[in-house]
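Please read the points below with the coordinates open, since each of them can be checked directly against the model.

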Amino acid sequence: MSKKSLLIPAILIVLALAIVAVVLVLALGGGNDIISKDDPLPVRFTKAVLICDQDEIRNCVHENMETEFVNRYGVNDIRFEDCTATISAESALLRDGMEYYASELNRDYGIQTIIESGCFYTVDFTAEYNGKEYGGAMTLLVVSFEGEEYVISVKLDRIDDAFYQDNFPAGDYYYDMFGEY
């Protein structure tokens, strides 16, 4: 066989392997399919916290807040494998609240700004951990300033008691609602 006749099958094999590699990267590791850029900011942030997606947490907060928020919400021993989240309630931030939180942003993060608007969101979620699904809710404060929206406050409102019962020894992180301990 000539060198030319061997070259064509070699090129076809390399091309086929390249196509398979691209398909695998897109199917298995080509990005985070849990968080969509089309999701509202409170939903994106909630999902990012649940799966410890530090890059997405950074995308949802002001640059002066990135380090603290990533350290607080993105570096956890518990990482949920899958989650869904939806906004279940919202409540507008009133003018005196905007002034209060603008003062807090200046004091805590050195952000000198006027908050243009804000809203408290309750985000209900379901998330899978160790093969079991748990439900819960977070409340987030999202504010607008300098033409952008940012998460500036987060609070876990609840998570199913079964999560604590299934994953922690009695007495650790678990409030005894049943009077057994």
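1. In what order do the 4 strands of the open sheet lie, and is their pairing parallel or antiparallel? In this model, which is predicted, the order is E1-E2-E3-E4 and the pairing is antiparallel. Strand E1 (82–92) and strand E4 are the edge strands, each of them pairing on one side only, and from one strand to the next the twist averages 25°.

2. Within the sheet, strand E2 (residues 117–129) and strand E3 (residues 132–145) run antiparallel and are joined by 13 bridges. As a point of reference for the register, Gly 118 has Val 143 in E3 as its bridge partner.

3. Helix H2 lies across E1, E2, E3 and E4, and its direction makes an angle of about 140° with that of E1.

4. Which residues of helix H4 (residues 66–73) are buried? They are Phe 69, Val 70 and Tyr 73, and because these buried residues fall within an arc of 100° when H4 is viewed down its axis, they line one face of the helix. This agrees with the general geometry of an α-helix, in which 3.6 residues make a turn, so that residues three or four places apart point the same way. Thr 67 and Asn 71, by contrast, are exposed on the other side of H4.

5. What covers the buried residues of H4? The cover includes helix H2 (41–51), helix H3 (54–60) and helix H5 (95–109), together with strand E4 (148–159). Two of the elements named there also appear in the points above: H2 as the helix lying across the four strands, and E4 as an edge strand of the sheet.

Definitions and conventions. Residues are numbered from 1 along each chain as its sequence is written. This is a predicted model: local features need pLDDT of at least 70, side-chain atom pairs count only at pLDDT 80 or more; totals for chains, interfaces and linings use all residues. Side-chain values use heavy atoms; hydrogens and water are left out. Buried means under 20% relative accessible area, exposed over 50%, partly exposed in between (1.4 Å probe, protein chains only). The arc is that of the directions from the helix axis to the C-beta atoms. Contact means heavy atoms within 4.5 Å. Two strands pair if DSSP finds at least two bridges between them. Axes are lines fitted to C-alpha atoms, for helices over the stretch in contact, and angles run from 0 to 180 degrees between N-to-C directions.
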